[in-house]
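Reader: Hello! Could you take me through one part of this model closely, with the cut-offs spelled out as you go?

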Amino acid sequence: MLELSQLFKEVKQLPVLPVLLLDLMQSFSDEDVRVEDIAKKIGMDQSISAKVIRIANSAAYRRGKEVESIEQAVIRLGFNQVRSIVVAATLSNTFPSTPSFDKNQFWKDTFITATIAKKLAKHTNVNQETAFTCAMMHNIGELLLQILKPQECSLIAMAVESGESVFPLSVKLSDLTIVKLVHS
């Protein structure tokens, strides 16, 4: 049985968000930040740099000449889109993989949800980037449980695959009030 107090103790073992993400988020909030400053900070992480350039050269954003530098990519995409890419890339790279959990599918689904939230926010008075970031974090509890309690989550996933309902299983394994521990 998962005890809530024990789970909170184990949360302290989770990875910390990289300083680079926090620094970039602060820079994006600065009205006087320059493209060069953002590009220089992004350039400190090869993975994020590659994603920003790849997206800037994708069919959705490509206009004319291919982007060859991070600075050009930031200009083409704009700060809001680059911020979204940085948040998504950093979060997906920060958490470790666990057996029997498809982390790539988790982040793909999360990114789709965040993109939809951002588009829906256009039609409201909610800030689009806030909607995107909140949606990126909406299912973080599942990820935390997958990292902290992979065996329990694996048992639930196997039972769900055989046709059992998620909720009664999660209640059997836990004193937590969680409706959904794993996607079926």
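Author: Happy to; what follows is a close look at helix α3 and its surroundings, ending with helix α4. This is a predicted model, in which local features need pLDDT of at least 70 and side-chain atom pairs count only at pLDDT 80 or more, while totals for chains, interfaces and linings use all residues. Residues are numbered from 1 along each chain as its sequence is written, and side-chain values use heavy atoms, with hydrogens and water left out.

Let's start with α3, which spans residues 35-42. Helices here are DSSP runs (H or I, at least four residues), numbered from the N terminus. Within α3, Ile-38, Ala-39 and Ile-42 are buried, where buried means under 20% relative accessible area with a 1.4 Å probe, protein chains only. Because these three cover an arc of only 100° around the axis, they lie on the same side of α3; the arc is that of the directions from the helix axis to the C-beta atoms. The partners of these buried residues are α2 (19-29), α4, α5 (70-77) and α6.

Now for one of those partners, α5. Two packed helices are described by the angle between their axes and the distance between the axes. For α3 and α5 the angle is about 120° and the axes are 9 Å apart. Axes are lines fitted to C-alpha atoms, for helices over the stretch in contact, and angles run from 0 to 180 degrees between N-to-C directions. The pair is therefore oblique, the class left over once angles under 35 degrees count as roughly parallel, over 145 as roughly antiparallel and 65 to 115 as roughly perpendicular. The crossing of α3 past α5 is right-handed, that is, the near helix is turned clockwise from the far one by less than a right angle.

On the α3 side of this contact (heavy atoms within 4.5 Å) are Val-35, Glu-36, Ile-38, Ala-39 and Ile-42, facing Ile-70, Glu-71, Val-74 and Ile-75 of α5. By class, the contact has 7 nonpolar residues, no polar and 2 charged; Ala, Val, Leu, Ile, Met, Phe, Trp, Tyr, Cys and Pro count as nonpolar, Asp, Glu, Lys and Arg as charged, and the others, Gly among them, as polar.

Finally, Ser-49 sits in helix α4 and, at 9% relative accessibility, counts as buried. Leaving aside residues up to four places away in sequence, Ser-49 touches Ile-42, Gly-43 and Ile-70. Ile-42 is also among the α3 residues that meet α5, and Ile-70 is among the α5 residues there.

How values were computed
Buried means under 20% relative accessible area, exposed over 50%, partly exposed in between (1.4 Å probe, protein chains only). Helices (H or I, at least four residues) and strands (E, at least two) are DSSP runs, numbered from the N terminus.
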